Amino acid sequence: MSFSRFLGAAFTLALASTTVQADMLEVQIVTEGVYALVGPKEQRSAENLANNATFGVVVTDEGVVLVDPGGSWKGAQAIHVRIGEITDQPVRFVIDTGGQDHRWLGNGYWQSQGATVIASQAAVDDHKDRGSQQMTGLAQFLGDELSGTEPAYADVTFTDTYTLEIGGLTFEVIHAGQAHTPGDSFVWLDQKDTVFTGDIVYVERILGNGGQSNARSWIEVFEAMAALEPVHVVPGHGHATTLEHATADTYDYLVNLRTQIGALIEEGGDIMDAPNIDQSTFEYLEQFDSLAGRNAQTTYEQMEWE
């Protein structure tokens, strides 16, 4: 086999692999011209390419706006395959909604395609602070599938709000404070009554309150998003849904978490007691058994320092 034929065969094999992995992203129609790409709700893996999250796609007559780029170079390629099934329009802008890997580590791929990446400055600071740690973790989860992935930062940054106008649509990107990560933003598309929340909202699976999170301000950020009264909510994890559902699975969970831990602290309980608080109302959420206890202990630590 000639070298050129070898390269062609290798490219075809790689494309076929990416197409298979793209199939893990369910295309959900939200409203006219607006889609959610719904990834798996379990842990990152070589199979899902760190696309274990939900991504937003808005098609305009001047190009596509992608909300969150994917968790790796190949993860971004898989998203591109899915977008190509929706439209022939190129991806013009990518909005990073936060600091988790699937919210920014696909940036480099999209920049190589000519897209402009937008993120809050707080998110970029978080990317720089935790990028090395995230790459180390992804190397364990993805193995060789992480190849090509390198940290790449936003082209355009903002402090509190940023307005993007394209194809007759206005996207308001709003960083209202720390939620799941320090730089979380939500994206309001008024003409479509749609908000893209990134990790401010989890539905169908339990959220993760980690060391990079702040449950108190997360509640406040959710309230700022909810004040828009969106008809359609495209969450960071799970299917596009209603504000009522988002409130039940995220806001109510956070309020219960802080209420229960507050009572525990007042009663003199310590951090080892935290996993025993009553979270039974939320047992229906996926990943409950693996995350509920950790969430409680992290919240205990956060509230001790308030």
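This report describes a kinked helix, several aromatic pairs and one buried asparagine in a predicted model.

## Helix H4 and its kink

Helix H4, which spans residues 121–142, carries a kink of about 55° that is centred on Arg130. Arg130 itself belongs to the buried part of the helix, together with Ala123, Val124, Asp126, His127, Gly131, Gln134, Met135, Leu138 and Leu142. The packing partners of these buried residues are two strands, E6 (116–120) and E7 (156–158).

Just after the helix comes Gly143, a residue with a positive phi, near 60°. Lys128 is placed over the face of the Tyr153 ring, at 5.3 Å from the ring centre.

## Aromatic pairs

The model contains seven aromatic pairs. One of them joins Phe222 and Tyr251, whose ring centres are 5.3 Å apart and whose planes meet at 35°, an arrangement classed as tilted. This pair links distant parts of the chain, given that Phe222 lies in helix H5 (residues 215–226) and Tyr251 in helix H6 (residues 243–266), with the two positions 29 residues apart in sequence numbering. Phe222 has a relative accessible area of 2% and therefore counts as buried, the cut-off being under 20%.

Helix H6 also supplies Tyr253, which pairs with Phe282 across another link between distant parts of the chain: Phe282 sits in the loop between H6 and helix H7 (288–304), and the two residues are 29 residues apart. The centres of the Tyr253 and Phe282 rings are 5.2 Å apart and their planes stand at 85°, so this pair is edge-to-face. Both Tyr253 and Phe282 are buried. Elsewhere, Trp73, Tyr109 and Trp110 come together in one aromatic cluster.

## The surroundings of Asn295

Asn295 is a residue of helix H7. Its relative accessibility is 0%, and Asn295 is therefore counted as buried. Where does the side chain of Asn295 find polar partners? One is the backbone nitrogen of Asn209, which the Asn295 side chain reaches at 2.8 Å. Another is the side chain of Tyr253, with which the side chain of Asn295 makes a polar contact at 3.1 Å.

When neighbours within four places in sequence are left aside, the residues in contact with Asn295 are Ile206, Leu207, Gly208, Asn209, Tyr253 and Leu257. Tyr253 thus appears in two settings, as the polar partner of Asn295 and as the ring that pairs edge-to-face with Phe282.

How values were computed: Residues numbered from 1 in each chain as written. Predicted model: local features only at pLDDT ≥ 70, side-chain atom pairs only at ≥ 80, totals over all residues. Heavy atoms only, no water. Bend = angle between axes of the 7 residues up to and from the residue. Helix = DSSP H or I, 4+ residues; strand = E, 2+ residues; numbered from the N terminus. Buried < 20%, exposed > 50% of the residue type's maximum accessible area, 1.4 Å probe, protein only. Contact = heavy atoms within 4.5 Å. Phe/Tyr/Trp six-rings, centres within 6.5 Å; stacked < 30°, edge-to-face > 60°. Lys NZ or Arg CZ within 6 Å of the ring centre and 35° of its normal. Polar contact = N/O pair within 3.5 Å; in protein donor to acceptor, adjacent residues only side chain to side chain.
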